[in-house]
Amino acid sequence: METKNIKRVKKSVTVVEYKKLMAFVRGDEDIKVFNQKRFLKIFSLLFYSGMRVNEITQIKYSHIDNIIRTGETIIVSHKTYIERVIYFSENAIKEIKKYFTYTDDELNNYCITSWGNPQKTFHEISLIQLVNKYMKNILGDNYTSHSFRQGLITEMGSKSVNPKIIQSFIGHRNISTTLSYIKPTDEDIKLSLVR
């Protein structure tokens, strides 16, 4: 009998998984401090913004400065090549302040770099692979960096946020793409049972 590749259920990163990831990173004695700080930055941005990893590679400290001062920043999506404003709540800003420290001289430096050069960003494919591998080690095979994006969209959908607002926030061209991300949790399904 021929075995086929099983398509795994893609799980969302919720508050529970986010806290688990952050606690694990803080306590992981097997990674260097540089990598520990990098993962804390990446996971906090992914959780609160819904950005793709390739969008995070373009974030400079000037973006973080804008987020802290105004609660928003503008990025250009690598996928759609469209500028979009990303908004951050007060809770998100408080969390981001914990992980991003910089001076005025560093505003033009990238936040997520490989070793060394702050003027050179991390290659996006390499970063996606690094993040996915680390997440799978902690949360399991059903999680990838995109699980943050799916989790945020699902949470917004479960709070009855207008899908057009979610679409605009997340930067999708088509509403059908946004709707395809909304995955009910096991708890949502259980609570919806009528019999």
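Let me start with the contacts of Arg 38, which touches Ile 112, Thr 113, Ser 114, Phe 122 and Leu 130, leaving aside residues up to four places away in sequence, where contact means heavy atoms within 4.5 Å. Arg 38 sits in helix H2, residues 33-49, and helices here are DSSP runs of H or I with at least four residues, strands being E runs of at least two, both numbered from the N terminus.

Before I go on, please keep in mind that this is a predicted model, in which local features need pLDDT of at least 70 and side-chain atom pairs count only at pLDDT 80 or more, while totals for chains, interfaces and linings use all residues. Residues are numbered from 1 along each chain as its sequence is written, and side-chain values use heavy atoms, with hydrogens and water left out.

What is the nearest side chain of opposite charge to Arg 38? It is Asp 28, 12 Å away, and Arg 38 is buried yet has no salt bridge. Buried means under 20% relative accessible area, exposed means over 50%, and partly exposed is in between, with a 1.4 Å probe and protein chains only. For charge, Lys and Arg count as positive and Asp and Glu as negative, whereas His and the chain ends are not counted. A salt bridge is a side-chain nitrogen of Lys or Arg within 4 Å of a carboxyl oxygen of Asp or Glu, and by this rule the count comes to 4.

Let me turn to some of those pairs. Arg 52 pairs with Glu 55, the closest N and O atoms being 2.8 Å apart, and Arg 84 also forms a salt bridge with Glu 55, here with 2.9 Å between the closest N and O atoms. Because Arg 84 lies in strand E2 (residues 83-87) and Glu 55 in helix H3 (residues 53-56), this second pair ties together parts that are 29 residues apart in sequence. Arg 52, Glu 55 and Arg 84 are thus linked in a network of salt bridges. Arg 52 counts as buried because its relative accessibility is 8%, and Glu 55 counts as buried because its value is 0%; Arg 84 is buried as well.

Lys 98 and Glu 95 form another salt bridge, with their closest N and O atoms 3.1 Å apart, and both residues lie in helix H5, 3 residues apart, about one turn of the helix. Is Lys 98 buried or exposed? Lys 98 is exposed, because its relative accessible area is 54%, whereas Glu 95, at 11% relative accessibility, counts as buried.

Now to the largest pocket, which is lined by 18 residues, with Phe 34, Lys 37, Lys 41, Tyr 61 and Cys 111 lying nearest its centre. The elements giving two or more residues to this lining are H2 and helix H5 (90-99), and H2 supplies the largest share, 5 residues. A pocket is an open set of points on a 1 Å grid over the protein atoms alone, where a 1.4 Å probe fits, with protein on both sides within 12 Å along at least five of seven lines, and lining residues have an atom within 4 Å of a point.

Finally, Glu 124 is placed in helix H6, residues 124-139, and counts as partly exposed because its relative accessibility is 25%. Glu 124 touches Asn 54, Thr 57 and His 78, again not counting residues up to four places away in sequence.
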